[in-house]
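Hi,

Here is the structure I promised to pass on. Have a look at it first, and my notes on the aromatic rings follow below.

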Amino acid sequence: ILLSKQLSNSFNGVAVVLVLTAHCAQWYTMYASSNTVIGLMPKLGRYGVSIFFMVSGYGLVCSAERGIDRNFFIRRLRATYIPYIIIEIIAFFLKGVTWNLKRLSRLLLGMEAWFITVIMLFYILFYLGWKYSKHKILVIETGICIISILLAVIFKDSLWYSSNIAFGIGIIVKVYEKRFITFISKGWGIKTILLMV
């Protein structure tokens, strides 16, 4: 196995550091003058999200290979969507936000955190594509492209689509893992790492 649970957790740890650094730098640049280095730090978040997406795509295939049913999707809801809802509700109450239908709709659709919207769309796509299609990879990869194009058209901000390809890469790496390992072991390791970077 290319990405063990321990290695996946390590990658996710790096991703967390990148995302937190990006958010802190973004906050800092709003309230203080920044130099070029700090000005570039908010971009690190996209690399962190790319790592999350890649590990997630890889991990979904690992889980799906053991069988995919309704619980497969419910587990993702419990691990991602429910914590988001709880955290956002607490944050809203601490800020003293006035509730209305629009704010509630945005919250439930994951619009208060773009990452949640995108990853939930990918979870739904993966579940449907893997469970019901004969051409699983083609359907899922095409779906990722279509979702990314729609998000680009609707939101116009690159953070909605710039990291999405990493989800598809994670899926492909797991599906073709043996070939990928053979490719790396034939002296192409450094070139592959450079290509991935």
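Phe115 is partly exposed, because its relative accessible area of 25% is not under the 20% that would make a residue buried. Its ring partner Phe53 is buried, at 0% relative accessibility. Bear in mind that this is a predicted model.

The two rings have their centres 5.3 Å apart and their planes at 10°, and since that angle is under 30 degrees the pair of Phe53 and Phe115 is stacked. What I like here is that the pair links distant parts of the chain: Phe53 belongs to helix α3 (residues 44–65) and Phe115 to helix α6 (residues 114–132), 62 residues apart.

Now for a pair within one helix. Tyr81 and Tyr84 both sit in helix α4 (residues 70–95), 3 residues apart, or about one turn of the helix. With ring centres 6.1 Å apart and planes at 45°, this pair comes out as tilted. Both tyrosines are buried: Tyr81 has a relative accessible area of 18%, and Tyr84 has 6%.

How many aromatic pairs does the structure hold? There are 14. Ring pairs also join up into a cluster made of Phe52, Phe53, Trp114, Phe115, Phe122, Phe155, Trp160 and Phe167, so you will meet Phe53 and Phe115 again there.

Two charged residues are worth a look as well. Arg76 has its charged end over the ring of Phe72, 4.1 Å from the ring's centre. Lys136 lies over the face of Trp130, at 5.8 Å from the ring centre.

Cheers

Note on methods. Residues are numbered from 1 along each chain as its sequence is written. This is a predicted model: local features need pLDDT of at least 70, side-chain atom pairs count only at pLDDT 80 or more; totals for chains, interfaces and linings use all residues. Side-chain values use heavy atoms; hydrogens and water are left out. Rings of Phe, Tyr and Trp (its six-membered ring) pair if their centres lie within 6.5 Å; planes under 30 degrees apart count as stacked, over 60 as edge-to-face and the rest as tilted. Helices (H or I, at least four residues) and strands (E, at least two) are DSSP runs, numbered from the N terminus. Buried means under 20% relative accessible area, exposed over 50%, partly exposed in between (1.4 Å probe, protein chains only). A charge sits over a ring if NZ of Lys or CZ of Arg is within 6 Å of the ring centre and within 35 degrees of the ring normal.
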